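Please look at how the strands of this model are arranged into sheets and where helices lie against them. The report below takes up two sheets in turn.

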Amino acid sequence: MSDNKKNPKKVNINIEWLYGIIAIVLLGMYFLSPSNNAKEVSYSEFDQYMRKGYIEKIVVISNKDIVKGFVKKDSLAAVYGDKADLHADNPYIESHIPSTDKFDEYIQTVKKENIFNGDVRYEESKDYLGNLLWNILPFIFFIGLWIFLMNRMSGSGGGGPGGIFSVGKSKATVQEKGDQKNKVTFKDVAGLAGAKQEVEEIVSFLKNPQKYTELGGKIPKGALLVGPPGTGKTLLAKAVAGEADVPFFSMSGSDFVEMFVGVGASRVRDLFRQAKEKSPCIIFIDEIDAVGRARGRNPNMGGNDERENTLNQLLTEMDGFSTNSGIIILAATNRADILDKALLRAGRFDRQIQVELPDVHEREDIFKVHLKNVKIDDTVNIDFLAKQTPGFSGADIANVCNEAALIAARKSKKAVQKDDFLDAVDRIIGGLEKKTKIITEKEKKAIAYHEAGHATISWKLQYANPLVKVTIVPRGKALGAAWYLPEERQLTTKEQMLDEMCSTLGGRAAEEVFFGEVSTGALNDLERVTKQAQAIVAYYGMSDKLTNVSYFDSTGAYDYGFAKPYSEKTAEMIDSEVQKIISEQYERAKNLLKEFAEGHNKLAELLIEREVIFADDLENIFGKRPWTSRADELRKENDAQQEQEKEKANEEQPSDESANTENAINEKPENDGEPKTEK
C-alpha cells in the first residue's frame with residue numbers, strides 16, 4: 001500500500017476523451033429531454049377537431065408553419081382515447097399548415113361560422129440548443145482538432161510516436177526493473193562460460209558498486225559482444241540486465257538512422273537522457289555496425305554525413321564532458337573489424353567479449369535448455385546429439401529441437417525419438433528431400449559415381465573429414481549430398497587442407513575417370529576448392545613461390561578501394577599458384593580413384609541400389625581406416641550405447657530378444673553421424 005501511495009499511477013488525458021464526453025452529453029440531452037404532450041395530426045384532422053369544438057386556443061409558429069391546438073379538458077377522451085390520462089397536463093395537437101396567410105383566412109372563416117371563438121397567438125420558435133450548437137461547437141471542434149494535431153506532431157498526448165516532431169525521439173524498448181514476465185537470467189543462457197564470466201563483473205558492480213569504488217576502481221563503461229550470428233549475444237545482454245535487476249534499454253543500430261538530417265544524433269541524445277533518469281541501467285545496442293562503421297569508409301561516396309553525425313554523437317555521449325554514472329553500454333556485432341577505432345578505445349567499449357560457437361560440452365548444455373519443453377523418449381542421448389552437431393550455434397540447436405518435434409508430430413508419434421533428431425539435422429543442413437524429382441537413369445548413375453568419388457577419397461586420406469552418410473536422393477538444390485563429421489580443431493596445417501581439397505575434387509575426378517566426361521554437378525565443389533587454394537596462397541603464405549606472405553586485410557581498408565595490396569605481377573603469380581595447387585590435387589584424386597576403382601564401383605552400385613549408404617558400408621568395402629577419427633570414436637560410443645539399451649531391454653523382456661535385436665539393427669544406420677558439408 002505504501003508503494004502505491006508513493007508512486008501513484010499517472011492518468012494520461014487523451015483528446016479523444018473530450019470528444020467522447022461531448023458526444024455522450026449531446027445524446028443524453030436528446031434522449032433524456034422531457035417529452036411533450038403533442039399529438040401530430042393532418043391538416044384535415046385538425047379542421048375536424050376545430051369544427052367539433054375540441055380546441056380551446058391556438059398558437060401559430062409562423063417561422064415553421066406549424067399550428068398548435070390546445071385541447072379542452074372535457075375533450076381529452078375524444079382526442080386521445082385510452083391515453084387521455086397521459087396527456088392531461090397541457091395537452092395539444094400539432095399540424096403543418098400550408099402558410100400563415102392561408103391559415104389566417106381559415107381562422108376568419110371558422111369564426112364567422114361560430115365554430116371557434118378562442119384566442120389565436122402568433123409566435124416564432126427559438127431553438128436555444130440548436131443555436132448553441134451551430135454558433136459555438138464549430139469553434140470548439142476546430143480548437144480541439146488543432147490541439148489533437150499538435151499533440152500528434154509533438155509525440156505527446158494522444159498522438160504518440162510517428163509525428164513529424166517525434167522522429168528525434170528514441171525508439172528503444174524498455175524493460176523495467178522487476179519485470180518478472182520478460183526476465184532472463186544466466187540460467188537461461190546455456191554454454192558461453194567464458195563470456196558469462198566476463199559480464200558477471202558488470203552484474204556485480206550494478207548490485208554492489210561500493211565494493212569497487214572504495215578501492216578506487218571504475219567499472220568498464222561498455223562491453224562489446226563479438227561473435228558469429230546465432231551464438232546468443234542478445235540473450236547474454238538480456239541476462240545481464242535480468243541478473244542485475246536494473247532497467248534495460250534495447251535498440252538496434254539501424255533505429256538511429258533516418259532519412260531526416262540530425263535525427264540519428266537526436267535519438268542518441270534522447271536515449272541517454274532516458275537512461276540517466278533511470279540509472280543505474282543498461283543500454284543494449286544490437287548490430288552496432290549499422291551506425292558504428294569506421295568513418296570515411298562508406299561505399300556511398302559522400303552520402304554518409306548523417307551516419308557519421310550519429311556516430312559522433314554516440315561517441316560524445318559514451319565518453320564526453322557529461323558524466324553518465326550508472327549507465328553501462330552493451331553492444332553486439334559480428335563485424336567488429338569494420339567498427340570505428342574511436343568506438344573501440346578505452347573509456348568507451350573497454351572490453352571486447354568473444355562469443356564463439358559452442359564446443360561439445362556447451363552444445364550439450366544448450367540441448368538441455370531447449371529440450372525442457374520437448375517430449376523425448378529413452379532413445380535420445382543428449383551427449384550423442386551434442387557430438388553430432390559440430391559447428392552448430394545456439395540458434396541452430398534450437399532449430400534442430402523444434403524441427404525434430406515437428407517431424408515426430410508429422411509421424412504421429414507420442415514422443416520425439418533419436419531418428420527424428422537425426423532427420424532434423426539432415427533437414428536443416430541439406431534441405432528437404434525431393435523424392436518425387438524426375439531423374440533419368442543416366443543422371444542417377446552419374447550422381448552415384450560422383451558421390452562415391454567423394455566417399456572413396458575421404459576414406460583413403462588421413463586428414464580428410466570422415467564420411468558419415470552419402471545419399472543420391474535430391475535434397476534442396478543438390479542432386480546428391482555427402483555428410484561429414486569434421487574434426488573440431490583450432491589450427492589447420494597445409495597437409496590437412498590439401499587432403500580436404502583432394503576429397504572435394506573426388507566427384508569431378510570420378511566423372512572423368514569412369515565416364516570420360518565431366519558435368520555441371522561439381523559447381524559447388526569447384527567454388528569451395530578455389531577459395532581454399534586462394535587462402536593457402538594469398539592469406540596463409542603456404543605456397544612455394546609466395547612463402548610467408550599474406551595479403552589478408554583484417555581492417556577492411558581495401559574493401560571499397562579500387563587498388564589491390566599487390567602488383568599485377570604478383571596477381572599473376574597468385575593465379576598461377578592457385579591453378580597449380582588445384583591441378584595437383586585433381587591429379588591426386590584421379591590416381592586414387594584408379595587405384596581403388598573396384599571398391600569405388602561397388603560403392604557406386606550399392607548407392608544406386610539403396611540410395612543412402614553409411615560409414616559401415618564403406619568399412620565393409622574398403623576395410624577399417626588405419627587412422628582413428630572422431631567419427632570412428634563416435635560410432636563406437638553409439639554402438640556401446642545400443643548394446644546397453646539392448647541388454648536393458650533383454651532384462652525387462654527376455655522373451656522378446658529377437659525383436660529387440662532387429663530394432664537395434666534397424667536403428668544403427670541412423671546413428672552413424674551427422675551431415676555437415678553438402679555437395
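Val59 stands opposite Lys68, which belongs to strand 3. The two strands concerned, strand 2 (residues 55-61) and strand 3 (residues 66-71), pair in the antiparallel sense over six bridges, where pairing requires that DSSP finds at least two bridges between two strands. Helices (H or I, at least four residues) and strands (E, at least two) are DSSP runs, numbered from the N terminus.

This is a predicted model, in which local features need pLDDT of at least 70 and side-chain atom pairs count only at pLDDT 80 or more, while totals for chains, interfaces and linings use all residues. Residues are numbered from 1 along each chain as its sequence is written, and side-chain values use heavy atoms, with hydrogens and water left out.

Strands 2 and 3 belong to an open sheet of five strands with mixed pairing, in the order 1-4-3-2-5. Its edge strands, strand 1 (38-40) and strand 5 (120-123), each pair on one side only. Helix 3 (residues 43-51) packs on this sheet and touches strand 1, strand 2, strand 3 and strand 4 (92-96), contact meaning heavy atoms within 4.5 Å.

A second open sheet has three strands in the order 13-12-14, with antiparallel pairing. Strand 13 (481-484) and strand 14 (612-614) each have a single partner strand, so one side of each is left without a neighbour in the sheet. Strand 12 (residues 467-471) pairs with strand 14 over three bridges, and Lys469 has Phe614 of strand 14 as its bridge partner.

The angles below run from 0 to 180 degrees between N-to-C directions, with axes as lines fitted to C-alpha atoms, for helices over the stretch in contact.

| Helix | Strand | Angle |
|---|---|---|
| Helix 3 (residues 43-51) | strand 4 (92-96) | about 135° |
| Helix 24 (residues 615-622) | strand 14 | about 70° |
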